[in-house]
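Visitor: Please show me the model, and then let us go through the terms used to describe it.

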Amino acid sequence: MGTEAPSRRTALSALLAAGLGTALTACGGPSRSVGAGGTVTLRYFFWGDSGRAELINKCIAVFERANPKIRVKSSFAAFDSFWPKLSTAAAGGNPPDVMHIDYAWIRTLGEHGVLADLGDHTGPGKEIDASTLVSSLRTAGMVEGRRVALPLSHNSVSLQYDAKVWAAAGARPPSAADAPMGWDTFMEQALKVTRHTGREQYGMDNPGQNYLGVELWMRQQGKQMWTEKGELGFSRDDMSRYFGQVDGWRREGALAGPDVVLESLPGFPISTRRVASNLEWDNQAGGRSAMRGSKLSLGFVPTDTARSGIYAKPGMLLSAAAKSPYISEAARFIDFMINDRRVAKILGTNIGMPPTTSQEGAAEVTDPAVRQVQAYEKAVAATLAPTPPPPADGGASLNVYLQRVAEKLFYERVSVDHAVDLFFDQAKVVLA
(Lines give C-alpha, C1' and ligand atoms only; values in the text may rest on other atoms or scores of the structure.)
Protein backbone atom coordinates (compact mmCIF):
# COMPACT_ATOMS: atom_id res chain seq x y z
CA MET A 1 0.00 0.00 0.00
CA GLY A 2 1.25 3.47 -0.84
CA THR A 3 -0.31 6.54 0.66
CA GLU A 4 -3.70 7.34 2.19
CA ALA A 5 -5.98 10.24 1.28
CA PRO A 6 -5.29 13.39 3.37
CA SER A 7 -8.86 13.60 4.69
CA ARG A 8 -8.55 10.03 5.89
CA ARG A 9 -5.36 10.88 7.73
CA THR A 10 -7.00 13.84 9.44
CA ALA A 11 -9.71 11.60 10.88
CA LEU A 12 -7.14 9.10 12.05
CA SER A 13 -5.03 11.80 13.66
CA ALA A 14 -8.01 12.98 15.71
CA LEU A 15 -8.84 9.40 16.68
CA LEU A 16 -5.33 8.62 17.82
CA ALA A 17 -5.02 11.83 19.80
CA ALA A 18 -8.34 11.20 21.52
CA GLY A 19 -8.15 7.51 22.20
CA LEU A 20 -5.40 5.16 21.16
CA GLY A 21 -2.34 6.77 22.71
CA THR A 22 -4.13 7.55 25.96
CA ALA A 23 -5.72 4.13 26.16
CA LEU A 24 -2.54 2.15 25.68
CA THR A 25 -0.44 4.21 28.03
CA ALA A 26 -3.15 4.30 30.68
CA CYS A 27 -4.11 0.65 30.71
CA GLY A 28 -2.11 -1.98 32.52
CA GLY A 29 -0.76 -4.93 30.58
CA PRO A 30 -3.40 -7.49 29.64
CA SER A 31 -3.62 -10.51 31.94
CA ARG A 32 -3.59 -13.61 29.73
CA SER A 33 -2.87 -17.11 30.91
CA VAL A 34 -0.50 -19.48 29.16
CA GLY A 35 -2.25 -22.45 27.58
CA ALA A 36 -1.67 -26.14 28.03
CA GLY A 37 1.90 -27.22 27.42
CA GLY A 38 3.16 -23.66 27.71
CA THR A 39 1.38 -22.48 24.56
CA VAL A 40 0.86 -18.74 24.15
CA THR A 41 -1.50 -17.02 21.74
CA LEU A 42 -0.52 -13.86 19.88
CA ARG A 43 -3.22 -11.54 18.66
CA TYR A 44 -2.30 -10.18 15.23
CA PHE A 45 -4.20 -7.30 13.65
CA PHE A 46 -3.70 -6.02 10.09
CA TRP A 47 -5.53 -4.06 7.41
CA GLY A 48 -6.63 -5.44 4.08
CA ASP A 49 -9.36 -7.52 2.51
CA SER A 50 -10.40 -11.17 2.66
CA GLY A 51 -7.93 -12.03 -0.10
CA ARG A 52 -5.01 -10.69 1.90
CA ALA A 53 -6.35 -12.38 5.03
CA GLU A 54 -6.33 -15.74 3.27
CA LEU A 55 -2.69 -15.28 2.29
CA ILE A 56 -1.60 -14.13 5.74
CA ASN A 57 -3.40 -17.04 7.40
CA LYS A 58 -1.42 -19.40 5.18
CA CYS A 59 1.75 -17.76 6.48
CA ILE A 60 0.53 -18.16 10.04
CA ALA A 61 -0.08 -21.88 9.48
CA VAL A 62 3.53 -22.31 8.37
CA PHE A 63 4.77 -20.38 11.41
CA GLU A 64 2.68 -22.40 13.84
CA ARG A 65 3.97 -25.69 12.44
CA ALA A 66 7.53 -24.49 13.03
CA ASN A 67 6.69 -22.99 16.44
CA PRO A 68 4.17 -25.37 18.07
CA LYS A 69 4.12 -23.42 21.35
CA ILE A 70 3.04 -20.17 19.70
CA ARG A 71 -0.43 -19.75 18.26
CA VAL A 72 -1.39 -16.69 16.21
CA LYS A 73 -4.97 -15.43 16.11
CA SER A 74 -5.40 -12.99 13.23
CA SER A 75 -7.98 -10.26 12.71
CA PHE A 76 -8.27 -7.77 9.87
CA ALA A 77 -10.23 -4.74 8.75
CA ALA A 78 -10.33 -2.32 5.84
CA PHE A 79 -7.93 0.59 6.33
CA ASP A 80 -10.71 3.03 7.29
CA SER A 81 -11.96 0.61 9.96
CA PHE A 82 -8.55 -0.50 11.15
CA TRP A 83 -7.78 2.40 13.47
CA PRO A 84 -11.15 2.58 15.28
CA LYS A 85 -10.95 -1.18 15.85
CA LEU A 86 -7.41 -0.91 17.18
CA SER A 87 -8.40 1.98 19.44
CA THR A 88 -11.36 0.05 20.81
CA ALA A 89 -9.18 -2.96 21.63
CA ALA A 90 -6.66 -0.72 23.36
CA ALA A 91 -9.31 1.12 25.37
CA GLY A 92 -10.52 -2.25 26.63
CA GLY A 93 -7.03 -3.07 27.88
CA ASN A 94 -6.55 -5.79 25.29
CA PRO A 95 -4.37 -4.46 22.44
CA PRO A 96 -3.10 -6.88 19.77
CA ASP A 97 0.36 -8.28 20.42
CA VAL A 98 1.40 -7.70 16.80
CA MET A 99 -0.04 -5.07 14.48
CA HIS A 100 0.47 -3.45 11.11
CA ILE A 101 1.43 0.24 11.30
CA ASP A 102 1.44 2.85 8.55
CA TYR A 103 4.70 4.84 8.22
CA ALA A 104 2.79 8.06 8.86
CA TRP A 105 1.98 6.91 12.40
CA ILE A 106 5.08 5.25 13.81
CA ARG A 107 6.43 8.43 15.44
CA THR A 108 3.04 9.29 16.96
CA LEU A 109 2.51 5.78 18.30
CA GLY A 110 6.14 5.37 19.33
CA GLU A 111 6.24 8.63 21.27
CA HIS A 112 2.95 7.80 23.03
CA GLY A 113 4.41 4.53 24.33
CA VAL A 114 2.06 2.42 22.22
CA LEU A 115 4.76 0.44 20.43
CA ALA A 116 7.36 -1.77 22.05
CA ASP A 117 11.03 -0.90 21.61
CA LEU A 118 12.24 -3.98 19.76
CA GLY A 119 15.89 -2.97 20.02
CA ASP A 120 16.53 -5.51 22.80
CA HIS A 121 15.07 -8.23 20.57
CA THR A 122 16.99 -7.32 17.41
CA GLY A 123 20.52 -8.38 16.54
CA PRO A 124 22.88 -11.39 16.56
CA GLY A 125 21.49 -14.26 18.60
CA LYS A 126 18.20 -12.44 19.24
CA GLU A 127 14.69 -13.00 17.95
CA ILE A 128 14.82 -10.55 15.02
CA ASP A 129 17.52 -10.48 12.35
CA ALA A 130 17.45 -6.98 10.85
CA SER A 131 20.80 -7.37 9.09
CA THR A 132 18.94 -8.77 6.09
CA LEU A 133 16.89 -5.59 5.50
CA VAL A 134 17.34 -4.09 2.05
CA SER A 135 20.09 -1.50 2.56
CA SER A 136 17.81 1.47 1.85
CA LEU A 137 15.34 0.18 4.48
CA ARG A 138 17.77 -0.11 7.39
CA THR A 139 16.42 3.02 9.09
CA ALA A 140 12.74 2.26 8.43
CA GLY A 141 10.93 1.76 11.72
CA MET A 142 13.42 3.78 13.79
CA VAL A 143 12.16 6.68 15.92
CA GLU A 144 14.88 8.74 17.59
CA GLY A 145 17.18 5.75 17.87
CA ARG A 146 14.52 3.25 18.99
CA ARG A 147 13.45 0.32 16.85
CA VAL A 148 9.64 0.46 17.13
CA ALA A 149 8.79 -1.34 13.87
CA LEU A 150 10.16 -3.52 11.08
CA PRO A 151 9.19 -2.96 7.42
CA LEU A 152 7.03 -5.69 5.94
CA SER A 153 7.24 -4.34 2.38
CA HIS A 154 8.47 -1.36 0.42
CA ASN A 155 7.84 0.69 -2.72
CA SER A 156 9.21 3.86 -4.35
CA VAL A 157 7.95 7.00 -6.05
CA SER A 158 7.77 6.86 -9.84
CA LEU A 159 6.81 9.12 -12.74
CA GLN A 160 3.77 7.36 -14.21
CA TYR A 161 2.69 8.36 -17.71
CA ASP A 162 0.52 7.24 -20.59
CA ALA A 163 3.15 6.50 -23.23
CA LYS A 164 0.60 6.50 -26.08
CA VAL A 165 -0.71 9.96 -25.25
CA TRP A 166 2.79 11.35 -24.85
CA ALA A 167 3.89 9.80 -28.15
CA ALA A 168 0.85 11.18 -30.00
CA ALA A 169 1.79 14.65 -28.72
CA GLY A 170 5.39 14.23 -29.88
CA ALA A 171 6.53 14.56 -26.26
CA ARG A 172 9.53 12.76 -24.81
CA PRO A 173 9.01 11.41 -21.27
CA PRO A 174 11.87 10.45 -18.99
CA SER A 175 12.34 6.70 -18.91
CA ALA A 176 14.45 4.24 -16.97
CA ALA A 177 16.69 3.89 -20.02
CA ASP A 178 17.62 7.58 -20.09
CA ALA A 179 19.53 9.87 -17.79
CA PRO A 180 17.10 11.73 -15.51
CA MET A 181 15.53 14.74 -17.21
CA GLY A 182 15.59 18.19 -15.63
CA TRP A 183 12.31 19.65 -14.40
CA ASP A 184 12.17 22.52 -16.90
CA THR A 185 12.85 20.15 -19.80
CA PHE A 186 10.20 17.76 -18.52
CA MET A 187 7.65 20.57 -18.23
CA GLU A 188 8.37 21.65 -21.81
CA GLN A 189 7.46 18.11 -22.88
CA ALA A 190 4.39 18.03 -20.61
CA LEU A 191 3.18 21.29 -22.18
CA LYS A 192 3.21 19.58 -25.59
CA VAL A 193 0.70 17.05 -24.23
CA THR A 194 -1.55 19.79 -22.85
CA ARG A 195 -1.56 21.63 -26.16
CA HIS A 196 -2.02 18.48 -28.24
CA THR A 197 -5.12 17.44 -26.28
CA GLY A 198 -6.58 20.96 -26.14
CA ARG A 199 -6.34 20.78 -22.32
CA GLU A 200 -8.59 17.74 -22.18
CA GLN A 201 -5.54 16.14 -20.59
CA TYR A 202 -2.82 18.19 -18.98
CA GLY A 203 0.74 16.98 -19.32
CA MET A 204 1.01 16.33 -15.59
CA ASP A 205 -0.96 16.39 -12.36
CA ASN A 206 0.16 19.20 -10.06
CA PRO A 207 2.93 18.00 -7.69
CA GLY A 208 2.45 21.07 -5.52
CA GLN A 209 -0.95 19.96 -4.27
CA ASN A 210 0.23 17.22 -1.93
CA TYR A 211 3.10 16.40 0.37
CA LEU A 212 4.57 13.82 -2.03
CA GLY A 213 5.66 16.43 -4.57
CA VAL A 214 6.96 18.79 -1.88
CA GLU A 215 8.91 16.05 -0.12
CA LEU A 216 10.45 14.81 -3.36
CA TRP A 217 11.62 18.26 -4.45
CA MET A 218 13.03 19.08 -1.00
CA ARG A 219 14.99 15.84 -0.97
CA GLN A 220 16.39 16.64 -4.40
CA GLN A 221 17.68 19.90 -2.90
CA GLY A 222 19.39 18.01 -0.08
CA LYS A 223 16.66 18.81 2.48
CA GLN A 224 14.32 16.56 4.48
CA MET A 225 10.57 16.83 4.92
CA TRP A 226 11.06 15.90 8.60
CA THR A 227 14.10 15.86 10.86
CA GLU A 228 14.98 13.16 13.39
CA LYS A 229 13.36 15.33 16.08
CA GLY A 230 10.10 15.66 14.17
CA GLU A 231 10.65 19.21 12.95
CA LEU A 232 10.30 20.55 9.42
CA GLY A 233 13.55 20.03 7.56
CA PHE A 234 13.21 22.95 5.15
CA SER A 235 12.86 26.73 5.35
CA ARG A 236 10.39 29.36 4.22
CA ASP A 237 12.75 30.26 1.38
CA ASP A 238 12.80 26.61 0.25
CA MET A 239 9.01 26.47 0.19
CA SER A 240 8.79 29.82 -1.58
CA ARG A 241 11.11 28.62 -4.36
CA TYR A 242 9.13 25.43 -4.79
CA PHE A 243 5.69 27.04 -4.82
CA GLY A 244 6.90 29.74 -7.22
CA GLN A 245 8.37 27.20 -9.61
CA VAL A 246 5.31 24.95 -9.62
CA ASP A 247 2.89 27.85 -9.96
CA GLY A 248 4.84 29.05 -12.97
CA TRP A 249 4.50 25.67 -14.66
CA ARG A 250 0.77 25.67 -13.88
CA ARG A 251 0.30 29.11 -15.41
CA GLU A 252 2.09 27.96 -18.57
CA GLY A 253 -0.31 25.01 -18.84
CA ALA A 254 2.07 22.11 -18.27
CA LEU A 255 0.39 21.25 -14.95
CA ALA A 256 -3.26 20.83 -14.05
CA GLY A 257 -4.96 23.25 -11.68
CA PRO A 258 -6.98 22.45 -8.54
CA ASP A 259 -10.22 22.37 -10.53
CA VAL A 260 -9.01 19.22 -12.32
CA VAL A 261 -8.47 17.49 -8.98
CA LEU A 262 -11.94 18.42 -7.73
CA GLU A 263 -13.59 17.36 -10.99
CA SER A 264 -11.89 13.96 -10.74
CA LEU A 265 -13.13 13.13 -7.23
CA PRO A 266 -13.61 10.52 -5.90
CA GLY A 267 -11.06 9.33 -8.44
CA PHE A 268 -7.72 10.78 -9.46
CA PRO A 269 -6.86 13.00 -12.44
CA ILE A 270 -4.66 10.27 -13.89
CA SER A 271 -7.45 7.68 -13.64
CA THR A 272 -10.15 10.02 -15.04
CA ARG A 273 -7.90 10.84 -18.00
CA ARG A 274 -7.59 14.53 -17.09
CA VAL A 275 -3.79 14.33 -16.91
CA ALA A 276 -1.31 12.12 -18.78
CA SER A 277 1.32 11.76 -16.04
CA ASN A 278 1.75 12.08 -12.29
CA LEU A 279 4.01 11.26 -9.36
CA GLU A 280 2.83 8.18 -7.49
CA TRP A 281 4.11 5.17 -5.58
CA ASP A 282 5.09 2.53 -8.12
CA ASN A 283 2.83 -0.16 -6.66
CA GLN A 284 -0.20 1.96 -7.60
CA ALA A 285 0.52 1.74 -11.34
CA GLY A 286 -1.56 -1.38 -11.95
CA GLY A 287 -4.63 -0.07 -10.16
CA ARG A 288 -4.43 3.38 -11.73
CA SER A 289 -4.00 1.80 -15.19
CA ALA A 290 -7.12 -0.32 -14.67
CA MET A 291 -9.18 2.72 -13.65
CA ARG A 292 -7.79 4.78 -16.52
CA GLY A 293 -8.44 2.10 -19.12
CA SER A 294 -4.93 2.26 -20.56
CA LYS A 295 -1.50 1.17 -19.36
CA LEU A 296 0.68 3.58 -17.43
CA SER A 297 4.43 3.31 -17.91
CA LEU A 298 6.98 3.95 -15.16
CA GLY A 299 9.77 6.46 -15.71
CA PHE A 300 12.49 8.16 -13.69
CA VAL A 301 11.45 11.19 -11.68
CA PRO A 302 12.82 14.47 -13.14
CA THR A 303 15.53 16.18 -11.12
CA ASP A 304 17.77 19.25 -11.41
CA THR A 305 20.41 17.84 -9.07
CA ALA A 306 22.46 14.70 -8.70
CA ARG A 307 19.83 13.42 -6.26
CA SER A 308 16.79 11.45 -7.42
CA GLY A 309 14.89 12.30 -4.24
CA ILE A 310 13.29 8.86 -4.12
CA TYR A 311 13.69 6.38 -1.29
CA ALA A 312 12.41 3.00 -0.18
CA LYS A 313 9.15 3.67 1.65
CA PRO A 314 7.72 0.94 3.86
CA GLY A 315 4.32 0.01 2.45
CA MET A 316 3.46 -1.18 5.93
CA LEU A 317 5.38 -2.09 9.06
CA LEU A 318 5.06 -4.66 11.83
CA SER A 319 5.13 -3.62 15.48
CA ALA A 320 4.55 -5.22 18.85
CA ALA A 321 2.41 -3.61 21.55
CA ALA A 322 4.43 -2.21 24.45
CA LYS A 323 1.89 -3.74 26.86
CA SER A 324 2.02 -7.23 25.35
CA PRO A 325 2.99 -9.99 27.81
CA TYR A 326 4.53 -11.92 24.89
CA ILE A 327 6.96 -9.50 23.27
CA SER A 328 9.63 -12.16 22.76
CA GLU A 329 7.16 -14.41 20.94
CA ALA A 330 5.85 -11.44 18.98
CA ALA A 331 9.41 -10.64 17.90
CA ARG A 332 9.89 -14.21 16.68
CA PHE A 333 6.75 -13.92 14.58
CA ILE A 334 7.85 -10.56 13.16
CA ASP A 335 11.21 -12.06 12.17
CA PHE A 336 9.40 -14.89 10.42
CA MET A 337 7.20 -12.51 8.45
CA ILE A 338 10.10 -10.38 7.18
CA ASN A 339 12.74 -13.07 6.65
CA ASP A 340 11.17 -16.44 5.81
CA ARG A 341 11.17 -17.14 2.07
CA ARG A 342 8.00 -19.18 2.41
CA VAL A 343 6.19 -15.97 3.42
CA ALA A 344 7.43 -14.21 0.29
CA LYS A 345 6.24 -17.11 -1.87
CA ILE A 346 2.79 -17.02 -0.30
CA LEU A 347 2.28 -13.25 -0.26
CA GLY A 348 3.85 -12.53 -3.62
CA THR A 349 3.56 -8.75 -4.00
CA ASN A 350 0.18 -8.41 -2.28
CA ILE A 351 1.70 -5.98 0.21
CA GLY A 352 4.56 -4.68 -1.94
CA MET A 353 8.17 -5.59 -2.63
CA PRO A 354 9.89 -7.87 -0.05
CA PRO A 355 11.80 -5.96 2.66
CA THR A 356 14.80 -8.26 3.06
CA THR A 357 17.46 -9.93 0.98
CA SER A 358 16.24 -13.18 2.56
CA GLN A 359 12.95 -12.88 0.67
CA GLU A 360 14.08 -11.25 -2.58
CA GLY A 361 13.34 -13.39 -5.62
CA ALA A 362 11.27 -15.92 -3.69
CA ALA A 363 7.91 -15.03 -5.22
CA GLU A 364 6.96 -16.33 -8.66
CA VAL A 365 5.14 -13.45 -10.30
CA THR A 366 3.30 -13.66 -13.61
CA ASP A 367 1.22 -10.46 -13.40
CA PRO A 368 2.63 -8.00 -16.01
CA ALA A 369 1.83 -5.01 -13.78
CA VAL A 370 3.82 -6.49 -10.91
CA ARG A 371 6.69 -7.39 -13.21
CA GLN A 372 6.69 -3.76 -14.36
CA VAL A 373 7.10 -2.57 -10.77
CA GLN A 374 9.82 -5.11 -10.09
CA ALA A 375 11.73 -3.93 -13.17
CA TYR A 376 11.40 -0.31 -12.06
CA GLU A 377 12.59 -1.11 -8.53
CA LYS A 378 15.62 -2.87 -9.97
CA ALA A 379 16.37 0.08 -12.26
CA VAL A 380 16.23 2.68 -9.47
CA ALA A 381 17.84 0.59 -6.72
CA ALA A 382 21.19 2.35 -7.03
CA THR A 383 19.56 5.79 -6.68
CA LEU A 384 17.45 5.04 -3.60
CA ALA A 385 18.30 6.96 -0.45
CA PRO A 386 17.73 5.47 3.03
CA THR A 387 14.22 5.78 4.43
CA PRO A 388 13.98 9.29 5.97
CA PRO A 389 12.72 10.13 9.46
CA PRO A 390 8.97 9.55 9.84
CA PRO A 391 6.42 12.38 9.98
CA ALA A 392 6.01 14.30 13.21
CA ASP A 393 3.13 13.80 15.59
CA GLY A 394 0.63 16.10 13.89
CA GLY A 395 2.39 15.84 10.55
CA ALA A 396 -0.61 14.21 8.88
CA SER A 397 -2.88 17.15 9.67
CA LEU A 398 -0.19 19.54 8.42
CA ASN A 399 -0.14 17.64 5.12
CA VAL A 400 -3.87 18.24 4.82
CA TYR A 401 -3.36 21.93 5.45
CA LEU A 402 -0.62 21.98 2.81
CA GLN A 403 -3.18 20.83 0.27
CA ARG A 404 -5.61 23.59 1.27
CA VAL A 405 -2.92 26.26 1.02
CA ALA A 406 -1.83 24.96 -2.38
CA GLU A 407 -5.43 25.13 -3.64
CA LYS A 408 -5.67 28.78 -2.60
CA LEU A 409 -2.39 29.52 -4.36
CA PHE A 410 -3.28 27.70 -7.57
CA TYR A 411 -6.74 29.28 -7.65
CA GLU A 412 -4.79 32.56 -7.46
CA ARG A 413 -6.52 33.63 -4.26
CA VAL A 414 -3.23 34.16 -2.41
CA SER A 415 0.32 35.00 -3.46
CA VAL A 416 3.28 32.64 -3.10
CA ASP A 417 4.58 34.58 -0.09
CA HIS A 418 1.15 34.54 1.58
CA ALA A 419 0.80 30.78 0.95
CA VAL A 420 4.19 30.15 2.55
CA ASP A 421 3.26 32.28 5.56
CA LEU A 422 -0.01 30.39 6.00
CA PHE A 423 1.75 27.04 5.90
CA PHE A 424 4.48 27.92 8.41
CA ASP A 425 2.04 29.65 10.74
CA GLN A 426 -0.03 26.48 10.81
CA ALA A 427 3.10 24.41 11.36
CA LYS A 428 3.81 26.35 14.56
CA VAL A 429 0.38 25.43 15.88
CA VAL A 430 0.29 21.80 14.76
CA LEU A 431 3.84 20.92 15.77
CA ALA A 432 3.91 22.84 19.07
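Guide: This is a predicted model. A place to begin is the second largest pocket, which holds about 530 Å³ of space.

Visitor: Which residues are the closest to the centre of the second largest pocket?

Guide: The lining has 27 residues, and His154, Met353, Pro354, Glu360 and Glu377 are the closest to the centre. Helix H12 (341–347) and helix H13 (368–380) are the elements that each give two or more residues to this lining.

Visitor: How many residues of the lining of the second largest pocket are charged?

Guide: By class, 3 are charged, while 15 are nonpolar and 9 are polar. Glu360 and Glu377, both among the residues closest to the centre, belong to the charged class because Glu counts as charged.

Visitor: Now the helices. Why is H14 called roughly antiparallel to H15?

Guide: Helix H14 (residues 395–410) and helix H15 (residues 416–430) pack at an angle of about 165 degrees, with axes 10 Å apart. Angles over 145 degrees count as roughly antiparallel, so H14 is roughly antiparallel to H15. The crossing of H14 past H15 is right-handed.

Visitor: What makes the contact of H14 with H15, by class?

Guide: There are 11 nonpolar and 2 polar residues, and no charged ones. H14 contributes Ser397, Leu398, Tyr401, Leu402, Val405 and Leu409, and H15 contributes Val416, Ala419, Leu422, Phe423, Gln426, Ala427 and Val430.

Visitor: Why are H8 and H15 called oblique to each other?

Guide: The axes of helix H8 (residues 236–252) and H15 come within 9 Å and cross at roughly 135 degrees. The roughly perpendicular range is 65 to 115 degrees and roughly antiparallel begins over 145; the angle of roughly 135 degrees falls in neither, and H8 and H15 are therefore oblique. H8 also passes H15 in a right-handed crossing.

Visitor: Which residues of H8 make the contact with H15?

Guide: They are Arg236, Met239, Ser240, Phe243 and Gly244. On the H15 side, the contact includes Asp417, Asp421, Asp425 and Lys428. In total the contact of H8 with H15 divides into 7 nonpolar, 2 polar and 5 charged residues.

Visitor: What makes H2 oblique to H11?

Guide: Helix H2 (residues 50–66) and helix H11 (residues 327–339) pack at about 120 degrees, with their axes 11 Å apart. Roughly perpendicular ends at 115 degrees and roughly antiparallel lies over 145, so H2 is oblique to H11. Cys59, Ile60, Val62 and Phe63 of H2 meet Arg332, Phe333, Phe336 and Met337 of H11. This contact has 7 nonpolar residues, no polar ones and 1 charged.

How values were computed: Residues numbered from 1 in each chain as written. Predicted model: local features only at pLDDT ≥ 70, side-chain atom pairs only at ≥ 80, totals over all residues. Heavy atoms only, no water. Axes fitted to C-alpha atoms, helices over the stretch in contact; angles between N-to-C directions. Helix = DSSP H or I, 4+ residues; strand = E, 2+ residues; numbered from the N terminus. Parallel < 35°, antiparallel > 145°, perpendicular 65-115°, else oblique. Left-handed = near helix turned anticlockwise from the far one by under 90°. Contact = heavy atoms within 4.5 Å. 1 Å grid on protein atoms, 1.4 Å probe; cavity = no way out; pocket = protein on both sides within 12 Å on 5 of 7 lines; lining within 4 Å. Points joined across faces, edges and corners; volume = space filled by probe spheres on them.
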